Amino acid sequence: MCGTCGCGEAGVRVTELGHGHGLVVDLQEDILGANDALAAENRRRLADHGVFAVNLMSSPGSGKTTLLVRTLTDVGAELGMAVVEGDQETLLDAERIDATGARVVQVNTGAGCHLDATMLARAMDALAPARGSVLVVENVGNLVCPALFDLGEAARVVVMSVTEGADKPLKYPHMFRTADLVLLNKVDLLPYVDFDVAAWTAAVARVRPGVEVLSVSATRGDGMDAWYAWLRAGRATSA
């Protein structure tokens with residue numbers, strides 16, 4: 001269970017206090033159940049408007065904001081993209097998104113380590129994404145808690161970079177297990193880092209058999225056309 005926000009797998013944990021004074025009941029099932037109910041409403045709302053919503057998740061430093069900025073610059077207008085930016089503090093990433101001309105709402109979670117369905121519902125109220133558009137939710141950088149909370153998205157994309165360990169999919173399996181697409185970013189740095197692509201690919205396949213994997217470089221442009229094609233296909237399916 002996360003020490004910051006108390007999130008964890010659905011279930012009820014009962015802990016006895018000292019001296020027989022009572023019980024602390026951790027009703028995680030109720031917390032996640034309420035979130036899932038609102039997520040289902042978000043999903044219906046997005047589907048009614050033909051909006052393709054993508055939950056973009058990664059550890060800090062994977063380059064997902066850079067990936068998103070390049071995506072918005074290249075195909076943002078074509079896809080009518082809007083962005084929900086999740087961070088504990090600051091407007092720094094939202095300002096980078098805003099500079100591309102895309103519509104963006106910043107959600108600051110404070111001590112929280114993930115976005116939830118309530119936060120997305122409020123962000124959608126502010127953004128009012130256009131019919132047939134693509135809505136990208138850049139979740140808080142964290143390979144644990146964001147995977148536990150359904151936002152109502154149509155697809156989950158996990159971004160990892162070659163500057164991280166190739167064993168990450170095995171160490172954080174739930175995140176990768178929920179992915180509809182996995183992006184390996186910063187492949188332009190492969191000549192300069194010790195990263196075993198074959199071992200990483202095998203780890204992803206072990207955790208999430210059959211998941212689509214794309215290798216990209218958000219700075220150099222490698223693989224970005226395949227990523228854009230994936231977004232176009234998702235948008236077409238949701239429309």
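## Salt bridges involving helix α1

R44 and E41 form a salt bridge in which the closest N and O atoms are 2.8 Å apart. The structure is a predicted model. Both residues belong to helix α1 (residues 28-48), where they are three residues apart, about one turn of the helix. Each partner is partly exposed: R44 has a relative accessible area of 46%, and E41 has one of 39%.

Helix α1 also supplies R43, which forms a salt bridge with D150; the closest N and O atoms of this pair are 2.8 Å apart. Because D150 lies in the loop between β6 (134-138) and β7 (155-161) while R43 lies in helix α1, the pair ties together parts that are 107 residues apart in sequence. D150 counts as buried at 18% relative accessibility, whereas R43 is partly exposed, with a relative accessible area of 32%. In general, side chains of opposite charge can pair when their charged atoms come close. Over the whole structure, a search finds nine salt bridges.

## The surroundings of S59

A further salt bridge joins K168 and E164, with the closest N and O atoms 3.2 Å apart. Both of these residues are buried. E164 also takes part in a polar contact of 2.5 Å with S59, formed between the two side chains.

S59 is located in the loop between β3 (52-58) and α2 (64-79). S59 is itself buried, its relative accessible area being 9%. When neighbours within four places in sequence are left aside, the residues in contact with S59 are K64, G141, N142, L143, V159, E164 and K168. Both members of the K168 and E164 salt bridge therefore appear among the contacts of S59.

## The parallel sheet and its helices

Seven strands make up an open sheet with parallel pairing, in the order β5-β4-β6-β3-β7-β8-β9. The edges are occupied by β5 (103-108) and β9 (212-215); each has a single partner strand, so one side of each is left without a neighbour in the sheet. On average, neighbouring strands of this sheet are turned by 20 degrees against each other, direction ignored. Strand β4 (residues 82-87) pairs with β6 in the parallel sense over four bridges. V83 has V136 in β6 as its bridge partner.

Helix α4 (residues 117-127) packs on the sheet and touches β4, β5 and β6, its direction making about 150 degrees with that of β5. Helix α7 (residues 197-207) lies across β7, β8 (181-185) and β9, and runs at about 165 degrees to β8.

## The cysteine pair C113 and C145

Why is no bond assigned between the sulfur of C113 and that of C145? A disulfide requires a pair of cysteine sulfur atoms within 2.5 Å. The closest cysteine sulfur to that of C113 is in C145, at 3.0 Å, and this is too far for a bond. By this rule the count of disulfides is zero.

Both cysteines are shielded by the criterion of relative accessible area under 20%: C113 is buried at 7%, and C145 counts as buried at 2%.

How values were computed. Residues numbered from 1 in each chain as written. Predicted model: local features only at pLDDT ≥ 70, side-chain atom pairs only at ≥ 80, totals over all residues. Heavy atoms only, no water. Buried < 20%, exposed > 50% of the residue type's maximum accessible area, 1.4 Å probe, protein only. Salt bridge = Lys/Arg side-chain N within 4 Å of Asp/Glu carboxyl O. Helix = DSSP H or I, 4+ residues; strand = E, 2+ residues; numbered from the N terminus. Polar contact = N/O pair within 3.5 Å; in protein donor to acceptor, adjacent residues only side chain to side chain. Contact = heavy atoms within 4.5 Å. Pairing = 2+ DSSP bridges. Axes fitted to C-alpha atoms, helices over the stretch in contact; angles between N-to-C directions.
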